[in-house]
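User: Please take a close look at the sheet in this model, covering its strand order, the helices packed on it and the charged pairs around it. A connected account would suit me better than a list.

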Amino acid sequence: MDLLLLDLVIVLAAARLFGALARRLGQPPVIGEIVAGILLGPTLLGPLIGDELFGPEMRPPLQALANVGLVLFMFVVGLELDQKLVRGKGRIAVTVALGSTVVPFVLGCVLALAIAGEHVGGDRTLPFVLFMGAAMAATAFPVLARILTDRGMQRITLGGLALASAAVIDVLAWTVLAVVVGIAGAGEAEGQWKVLLALPYALVMFLVVKPLLARLVPAYERAGRLTPGLLSLVLIGLIGSAWATEWMHVHFIFGAFVFGTVMPREGAERLNHEILERLEQLAVLLLLPMFFVVAGLNVNLRELDLSSLGTLAAILAVAIGGKVLGSYAAARTQRLPARQSWTLAALLNTRGLTEIVILTVGLQKGVLDDELYSLMVVMALVTTAMTGPLVRRLYPDRRVARDVADAERAALGVTAAHRVLVIVPEPPAEQAPLVGLATSLALAKTPSEVVLGHLRPYPAGRLEVGSGLSSELAELAETLQELETLAATARERGSDSRVVSRFSADVAGELPGLASGARPDLLVLPAGAPGHAGVRDGATCRVVTVAGTGSPSEPFPSSPSSPSPLGQAGPGSVPGPVAVHHGPGGDAAAHVALTLAALRGCPLVLVGGNRASALAQRLVRLGVEATSGPVPEGALVVAADTANAPGGAHLLVRAEQDADPVDWAEAVSALRASVVPVAPVVRP
């Protein structure tokens with residue numbers, strides 16, 4: 001007894017220490033808890049100290065306590081499984097879940113057939129193959145939820161889709177594992193007929209036990225709290241369900257999980273919250289860490305040799321490649337953008353504690369040997385540890401913050417307008433073409449809003465109360481009137497518009513703050529604006545710099561043969577084509593050029609090599625008049641705003657930070673749906 005108590009002290013202390021260390025490193029605590037078990041086992045302590053502290057006689061009581069923690073944990077997982085996650089996302093979630101399950105499952109089965117001769121006997125080949133497929137297809141729903149919660153991603157569409165897909169994957173994985181355990185236990189003398197009771201058990205749980213459990217809600221409301229009697233009923237039902245499935249040789253985790261799923265949901269929020277508070281303290285703080293440490297104790301990396309490293313490499317390739325590629329391909333079939341598809345695939349690749357539970361079942365049932373169990377635990381650690389950094393790289397915090405803001409506006413019933421901020425230089429009365437460009441780009445999406453930003457420098461000398469101040473206020477009022485006139489032209493074209501104008505002691509220094517405070521989706525910026533470089537570099541959105549080809553005093557060409565770069569041809573003239581230099585990183589520039597060409601009803605010419613020609617052909621197939629070739633005479637020229645931007649461009653476009661590649665089919669469809677008419681195809 002004294003050694004058992006000492007082991008408990010060591011296990012709990014190591015679990016808390018390494019779990020906290022993992023959290024500080026940005027990893028789920030389960031990573032640290034499993035590593036603690038590996039270090040306490042024969043891998044580090046060796047057979048002398050390890051066998052002395054955690055010898056064969058100490059493993060059964062430690063495993064028994066760990067299994068009790070696992071029963072409570074699986075009940076919590078079933079209880080927290082939000083069945084509303086799939087609502088509204090059913091088709092996408094199911095498709096992604098199938099891709100994320102079927103591909104790694106098939107690859108896992110193929111790998112298992114290749115290595116079966118080294119690890120199992122002939123009578124165990126079938127359950128071994130199916131088990132390896134199920135283990136490769138698993139996704140850790142609880143760890144995934146923790147990763148999303150830590151970054152606030154559970155509040156955005158991508159996070160909800162990841163949770164919904166993981167919920168479906170969980171159901172598929174546990175179903176396959178139940179079949180595997182049933183096949184593995186069917187060879188036992190008394191287990192052949194008991195497995196057949198699994199289906200009647202499930203029917204009883206959902207048709208009989210679930211309605212009975214619903215009576216807990218009025219009993220809880222009458223008592224006003226979770227009484228010991230109510231909690232005892234829940235625990236009796238939970239342990240009884242776990243015993244029933246273990247007796248049927250289907251494993252106790254399924255009984256615990258199913259009992260959690262049949263707990264009442266409607267009107268039972270407070271009841272379930274109190275149950276979780278009571279059980280999570282015991283399961284998460286005491287018993288569950290012990291389960292992961294005990295799982296780590298069974299890992300012995302000392303026995304691995306070079307051939308084991310080859311098997312580990314194959315396991316990692318199948319696990320990561322199958323899960324990521326299967327999830328990504330399925331997401332793309334549902335027209336999810338590439339960045340979101342890769343992020344979703346990386347999230348679903350996390351395996352964590354679900355994988356450890358599955359592997360422990362395989363070890364207990366004799367489906368896995370010690371060597372393969374150790375390798376699979378390493379795979380679980382690697383796939384879980386890589387998820388956080390990879391997702392942060394694919395979907396940076398700026399993207400998450402932007403999506404959270406959109407989700408909050410949607411929750412309040414506010415439709416987010418496509419906001420275009422145009423910096424209006426002096427004198428405002430002459431900037432109608434500039435505001436016209438901003439309005440044209442705003443109208444590419446609906447609803448839209450044009451914000452006119454203008455800072456007027458303070459006059460030289462100190463302002464005094466008197467006639468001088470009245471003169472300056474009169475000038476400011478005149479400026480506001482000019483800006484309101486420009487805003488009215490934007491409203492007439494169908495876009496909301498407002499003015500932000502004030503005096504400034506340092507126009508160049510304060511413009512970046514004005515631009516960031518407006519939180520625009522697109523910024524239109526004259527090249528001659530004060531502090532142009534600071535405004536451009538500080539913006540996180542897409543930036544369109546109106547460069548022009550004239551002198552600094554006349555930044556926009558005005559000759560009849562050269563159209564205005566602001567999308568307005570001269571009176572009675574036919575607008576010339578829009579040309580864009582298209583190359584690597586030039587999607588944003590091509591998108592702006594497409595919008596302007598559609599508005600003007602003129603051809604789009606893509607300048608560049610094979611990349612430009614390929615995009616031109618793709619746009620033609622989408623119904624846009626587009627060609628590739630040199631810049632035509634009199635064309636409005638657009639280019640990407642890079643260090644090697646070509647000369648002679650009227651508009652320089654810099655993509656927003658963390659930009660997604662443009663989905664051209666969606667872009668053309670959005671233009672057709674907006675007030676901007678897309679130019680029709682002209683056939684020779």
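Analyst: In this predicted model, helix α21, which spans residues 507-518, lies across β1 (418-423), β2 (448-457) and β3, and its axis runs at about 160 degrees to that of β2. A second helix, α23 (residues 587-600), lies across β5 (542-546), β6 (578-581), β7, β9 (636-640) and β10 (651-654), running at about 175 degrees to β6.

The strands under these helices belong to an open sheet of ten strands, in which the order is β3-β2-β1-β4-β5-β10-β9-β6-β7-β8 and the pairing is mixed. The edges are taken by β3 (496-504) and β8 (626-628), and because each of these has a single partner strand, one side of each is left without a neighbour in the sheet. From one strand to the next, the twist averages 20 degrees. As background, strands of a sheet pair through backbone hydrogen bonds, in either a parallel or an antiparallel sense.

At the β8 edge, three bridges join β8 to strand β7 (residues 604-607), and the two strands run parallel. Within this pairing, leucine 604 has alanine 626 of β8 as its bridge partner.

Further into the order comes β9, which pairs with β6 in the parallel sense over three bridges; here the bridge partner of valine 578 is leucine 636 in β9. The pairing of β9 with β10 is also parallel and has three bridges, with leucine 652 in β10 as the bridge partner of alanine 639. In a regular strand, side chains alternate between the two faces of the sheet. For β9, Leu636, Val638 and Ala640 are on one side and Val637 and Ala639 on the other, and all of them are buried, leaving both faces of the strand covered. Put as a count, five of the five residues of β9 are buried.

The charged pairs can be followed from the loop after this strand. Side chains of opposite charge can pair when their charged atoms come close. Aspartate 641 forms a salt bridge with arginine 536, with the closest N and O atoms 2.8 Å apart. Because aspartate 641 lies in the loop between β9 and β10 while arginine 536 lies in helix α22 (residues 532-538), the pair ties together parts that are 105 residues apart in sequence. Aspartate 641 and arginine 536 are both buried.

Glutamate 656 and arginine 542 make another such contact, their side chains meeting in a salt bridge at 3.4 Å, N to O. This pair, too, links distant parts of the chain, with glutamate 656 in the loop between β10 and α25 (664-673) and arginine 542 in strand β5, 114 residues apart. The two ends fall into separate accessibility classes: glutamate 656 counts as partly exposed because its relative accessibility is 25%, whereas arginine 542, at 11%, counts as buried.

Among the strands crossed by α21, glutamate 449 forms a salt bridge with arginine 419, and the closest N and O atoms are 3.0 Å apart. Glutamate 449 is in strand β2 and arginine 419 is in strand β1, so that this pair links parts of the chain 30 residues apart. With a relative accessible area of 13%, glutamate 449 is buried, while arginine 419 counts as partly exposed at 22% relative accessibility. These two residues belong to a network of salt bridges that links Arg419, Glu449 and Arg498. Over the whole structure, a search finds seven salt bridges.

To place the sheet in its setting, the protein has 25 helices and ten strands, and buried residues make up 52% of its 684 residues. Of the contacts between residues at least 6 apart in sequence, 78% join residues that are at least 24 apart. The protein exposes about 30,000 Å², and carbon and sulfur atoms supply 62% of that area.

Notes:
Residues are numbered from 1 along each chain as its sequence is written. This is a predicted model: local features need pLDDT of at least 70, side-chain atom pairs count only at pLDDT 80 or more; totals for chains, interfaces and linings use all residues. Side-chain values use heavy atoms; hydrogens and water are left out. Two strands pair if DSSP finds at least two bridges between them. Helices (H or I, at least four residues) and strands (E, at least two) are DSSP runs, numbered from the N terminus. Axes are lines fitted to C-alpha atoms, for helices over the stretch in contact, and angles run from 0 to 180 degrees between N-to-C directions. Contact means heavy atoms within 4.5 Å. Buried means under 20% relative accessible area, exposed over 50%, partly exposed in between (1.4 Å probe, protein chains only). Accessible areas come from the Shrake-Rupley method with a 1.4 Å probe; for residues, only the protein chains shown count as cover. A salt bridge is a side-chain nitrogen of Lys or Arg within 4 Å of a carboxyl oxygen of Asp or Glu.
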